[in-house]
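Here is a quick walk through one model, stop by stop. Have the sequence and the 3D view open as you read.

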Amino acid sequence: GDGEMRNEVWVIFLSMLVSSACVAVLIFRTLGNSATGWVALLLANLAIFTLLQYQNLCWGIQTGMLLPQMFLCIALVTLHSRVRIAGKLAVAALASLAASFCFTHGLVVWLVVLGWFLLDPMGLNRNRRRILLVGWTLLSAGVFAFYFQDLSSTSSPAHSYFQAPGKAPPGWDGMARGRCEVEKVIEYGFLLLGSQFSRFVFLPPRFLAAGVGILQVGLFVLLSVGGIAGVVLAGRRKREPAVAWRDLLPWLALGGFVVATALVMALGRAHISVGRAMSPRYLSITLYLTVALVGLVPLLGRLIVAGWPRIRDVLRPAGWMVAGFLVALQGWNQLYGERSLQVWNASRWQSLMTLAFADYSPPIYEKRLDFDGEITREQVRKLKSFGCFEHLPDPIPPNGFSEFRISRRELDGTRAGILRNRSTKAGWHLAGFADTRSAMHRVPDG
């Protein structure tokens, strides 16, 4: 094309809005139009629209990364509705198929819908339900077979982890050859799932993300098991459960989608680089685990209060305190993400100029994401002398992002270290990491 990517960026924002609307519908259906429902909606939207995923907000190619979540939310809203079974099947199939054409993790939508059909009878008798399950399984298998037949990379090696076109994509190659070590897969998965709440100054992001990932997965498993057990026990005692079984399913499906996708990503990419699990663009997937927790916590609270009414006076203030704490955390995330978004946007302007005006400023290939104000201002002055900016705004933000604070303080072992070393013909090759302590001045997400 002509390099114009604004339409794709608008699609990204639209997908976030549709996902938000679907989550709102699910919240009000399962939690009711109550104070709890509105607070849950606030927390869910703070997660969906977090600026920490700044790469997704000005990188048009990320449409493929965000759209599967939108199609999943559409499918869940339809499955949870009173639409006839034929309508549910049609929407679920179309949403799953559309998600499959977006990005590889869209295939997980087929498995999530299959799980829904297994857990929700939907008023069907045993034979019709068996036909439904067999039919959906065969349809899913056909899509999977079609997708992976002669699967090969078509991207430039620079954009596919140096995997040449015609070869297997790096993730599929990693799984097929079993190149991932179990320890790396586990670390990658927890870093991926905890990245959203790891950009704070008191601990290095790399270490904090792993802990948050373990916490979120543990909470999801605990809430899921507790919710299922509560509903089942109420049914066996022939009592009306405080929470309907179908009200648990959307949040179980949403969280299950994230955990399954994280596992697939870890199996396919952990051997490439564990540290890349914290890439901001992946938050578009993992943030829905937080959304699932926001939906599950009040439901489990209802089950607990139904069994022990006296505990209501303890759970209610505790719940409000946790909600306030999460809002504060997301407030920090928005400030941090807004700063990162400015840096990312400015750096992309800088890269764009070296490509758009190659005749005047020859491009230098470098995977550089930081913004150098002085170099860019010099480029602008030169390009203006050729009349290149007569109808374009200056890509220079008012504040300089190229200013750094310098400290002579040594970084301790949790903030810097050597991960591995190996001998090559050219000498020793060392790989390590370093996390800066700066809060808002220099982001460690390059």
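## A nonpolar patch on the surface

In this predicted model, Trp 308, Ile 311, Val 314 and Leu 315 together make a nonpolar patch on the surface, about 390 Å² in area. If you want one residue to start from, take Val 314, which sits in helix α13, the run from 312 to 356. Val 314 counts as exposed because its relative accessible area is 54%, and the cut-off for that label is over 50%.

Further along in α13 you'll find Gly 331. With a relative accessible area of 31%, Gly 331 is partly exposed. Gly 331 also has a long-range partner to look at: Leu 46 is 285 residues away in sequence, yet the two C-alpha atoms are 8.5 Å apart in space.

## The one salt bridge

How many salt bridges does a search of the whole structure find? The count is one. The pair is Asp 120 and Arg 246, and their closest N and O atoms are 3.1 Å apart. Asp 120 belongs to the loop between α6 and α7, while Arg 246 is part of helix α11 (residues 245-269), so the bridge ties together parts that lie 126 residues apart in sequence. As a general point, side chains of opposite charge can pair when their charged atoms come close.

Are the two partners buried or exposed? Asp 120 is buried, at 2% relative accessibility. Arg 246 is partly exposed, with a relative accessible area of 27%.

That α6-α7 loop, between residues 108-119 and 126-148, also holds Met 122. The backbone is worth a look here: phi of Met 122 is near 55°, a positive value in a residue other than glycine. Met 122 is buried too, at 18% relative accessibility, because the label needs a value under 20%.

## Two cysteines, no bond

How many disulfides does the structure hold? Zero. Cys 22 is in no disulfide, and the nearest cysteine sulfur to it, that of Cys 73, is 5.6 Å away. Seen from the other end, Cys 73 has its closest cysteine sulfur in Cys 22, and 5.6 Å is too far for a bond; the pair would have to come within 2.5 Å to count.

Both residues are hidden away: Cys 22 is buried at 10% relative accessibility, and Cys 73 is buried at 1%.

## Helices α1 and α4

Start with α1, which covers residues 6-31 and has 26 residues. From its first C-alpha to its last, α1 reaches 37 Å, close to the 38 Å expected at 1.5 Å a residue. Just past the end of α1 comes Gly 32, with a positive phi of about 85°.

Now α4, running from 63 to 79 with 17 residues. Its end-to-end C-alpha reach is 24 Å, close to the expected 24 Å. Where does α4 sit relative to everything else? Of its 17 residues, 16 are buried, so α4 is largely enclosed by the rest of the structure.

## Around the α4-α5 loop

Step into the loop between α4 and α5 (85-100) and you meet His 80. His 80 is buried, with a relative accessible area of 7%. What does the side chain of His 80 make a polar contact with? The partner is the side chain of Asp 247, at 3.1 Å.

On the far side of that loop, helix α5 contains Ala 95. Ala 95 is buried, with a relative accessible area of 5%. Its C-alpha is 8.3 Å from that of Pro 68, although the two are 27 residues apart in sequence.

## One more pair to check

Last stop is Val 143, in helix α7. Val 143 is buried, at a relative accessible area of 14%. Measure out to Ser 100 in your viewer: that residue is 43 positions away in sequence, and the C-alpha to C-alpha distance is 8.3 Å.

Note on methods:
Residues numbered from 1 in each chain as written. Predicted model: local features only at pLDDT ≥ 70, side-chain atom pairs only at ≥ 80, totals over all residues. Heavy atoms only, no water. Patch = residues over 30% accessible without salt bridge, like charges linked within 9 Å, V, L, I, M, F, W, Y side chains within 5 Å. Areas by Shrake-Rupley, 256 points an atom, 1.4 Å probe, with all protein chains shown as cover. Salt bridge = Lys/Arg side-chain N within 4 Å of Asp/Glu carboxyl O. Helix = DSSP H or I, 4+ residues; strand = E, 2+ residues; numbered from the N terminus. Buried < 20%, exposed > 50% of the residue type's maximum accessible area, 1.4 Å probe, protein only. Expected span 1.5 Å × (residues − 1). Polar contact = N/O pair within 3.5 Å; in protein donor to acceptor, adjacent residues only side chain to side chain.
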